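Take a moment with the sequence and the model below. Then follow the text through it, step by step.

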Amino acid sequence: MKRFRWPLQRLLDVTVQRERAARAKLFRLSQEIAAAHREIFRLQASLRSALDELADLEMEKRLIAQEVFMRYAEAEEAKLDLMREKLKALQERQSENLTEFKKAKSSRETLERLRDEALRRHTRETLKAEQKQLDESSQAAFARELIKQTGR
């Protein structure tokens with residue numbers, strides 16, 4: 001049986017590598033997004049706990065600490081705004097990379113389907129050729145046997 005060789009195999013291999021790279025990139029971005037979410041939650045929790053501590057103070061101490069808290073809260077809100085912008089940029093990159101991943105996956109699936117069709121066609125043609133060869137051998141054997149019987 002003639003060996004199957006598909007001319008687009010190298011393209012399929014490269015497409016599989018691209019899909020793996022896109023998947024890895026998506027995974028890294030997901031981890032970065034999760035870290036950004038954790039940082040935002042940490043900053044928000046820090047603000048809430050400082051506000052709770054401020055609320056527990058007596059009125060005289062609270063008024064003094066309130067000014068410090070307001071400056072602290074302003075700085076923390078600025079950090080939060082930066083983190084939200086970073087998170088938004090990461091989510092946009094993730095969306096772009098998801099599109100790239102889907103494209104690579106679709107391309108891989110199409111190439112695999114084409115390869116499978118080519119392999120089935122090759123197998124069918126090979127079996128057909130083998131059957132033809134067997135038929136010819138059988139006919140030749142039958143003809144030889146017929147010649148032997150009539151030639152005696």
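Leaving aside its neighbours within four places in sequence, which residues is Glu-19 in contact with? The contacts are Phe-101, Ala-104, Lys-105 and Arg-108. Keep in mind that this is a predicted model. Glu-19 has its place in helix 1. Its relative accessible area is 4%. The cut-off for buried is under 20%, so Glu-19 is buried.

Now move to Thr-15. This residue also belongs to helix 1, which covers residues 9-56. Thr-15 has a relative accessible area of 5%, so it is buried. With neighbours within four places in sequence left aside, Thr-15 is in contact with Ala-104, Ser-107, Arg-108 and Leu-111. Compare the two lists. Ala-104 and Arg-108 are among the contacts of Thr-15. Ala-104 and Arg-108 are also among the contacts of Glu-19.

Next, look at the two helices themselves. Helix 2 covers residues 59-151. How do the axes of helix 1 and helix 2 cross? They come within 7 Å of each other and cross at roughly 165°. Angles over 145 degrees count as roughly antiparallel. Helix 1 and helix 2 are therefore roughly antiparallel to each other. Their crossing is left-handed. The residues of this contact are a mixed set: 27 are nonpolar, 11 are polar and 17 are charged.

Ala-24 gives another view of helix 1, where it lies. Is Ala-24 buried, partly exposed or exposed? Its relative accessibility is 32%, so it counts as partly exposed. Ala-24 can be paired with Phe-101 for a distance. The two are 77 residues apart in sequence. In space, 9.7 Å separates them, C-alpha to C-alpha. Phe-101 has come up before, as one of the contacts of Glu-19.

Turn to the charged side chains. How many salt bridges does the structure hold? There are 9. Three of them are worth a visit here.

Start with Glu-67 and Arg-71. They form a salt bridge, and their closest N and O atoms are 3.4 Å apart. Both residues are in helix 2, 4 residues apart, so about one helical turn separates them. Are Glu-67 and Arg-71 buried or exposed? Both are exposed.

Then find Arg-84 and Asp-81. Here too there is a salt bridge, with the closest N and O atoms 3.4 Å apart. Arg-84 and Asp-81 both lie in helix 2. They are 3 residues apart, about one turn of the helix. Arg-84 has a relative accessible area of 34% and is partly exposed. Asp-81, at 39% relative accessibility, counts as partly exposed as well.

The third salt bridge links Arg-108 with Glu-109. The closest N and O atoms are 3.9 Å apart. Arg-108 is buried, with a relative accessible area of 15%. Glu-109 is partly exposed, at 35% relative accessibility. Which residues do salt bridges with shared partners join into one network? They are Glu-19, Arg-23, Arg-108, Glu-109 and Glu-112. Recall Glu-19, the buried residue of the opening question. Arg-108 is one of its contacts.

Glu-109 has its place in helix 2. Follow the chain on from Glu-109 to Glu-145. They are 36 residues apart in sequence. From C-alpha to C-alpha, they are 53 Å apart in space.

Two more pairs give a sense of distance. Glu-60 lies in helix 2. At 65% relative accessibility, it counts as exposed. How far apart are the C-alpha atoms of Glu-60 and Ala-140? They are separated by 115 Å, with their positions 80 residues apart along the chain.

Asp-56 has its place in helix 1. Its relative accessible area is 69%, so it is exposed. Asp-56 and Phe-142 are 86 residues apart in sequence. Their C-alpha atoms are 108 Å apart in space. Set that beside Ala-24 and Phe-101, which are 77 residues apart in sequence and 9.7 Å apart in space.

Technical notes: Residues numbered from 1 in each chain as written. Predicted model: local features only at pLDDT ≥ 70, side-chain atom pairs only at ≥ 80, totals over all residues. Heavy atoms only, no water. Buried < 20%, exposed > 50% of the residue type's maximum accessible area, 1.4 Å probe, protein only. Contact = heavy atoms within 4.5 Å. Axes fitted to C-alpha atoms, helices over the stretch in contact; angles between N-to-C directions. Parallel < 35°, antiparallel > 145°, perpendicular 65-115°, else oblique. Left-handed = near helix turned anticlockwise from the far one by under 90°. Nonpolar A, V, L, I, M, F, W, Y, C, P; charged D, E, K, R; others polar. Salt bridge = Lys/Arg side-chain N within 4 Å of Asp/Glu carboxyl O.
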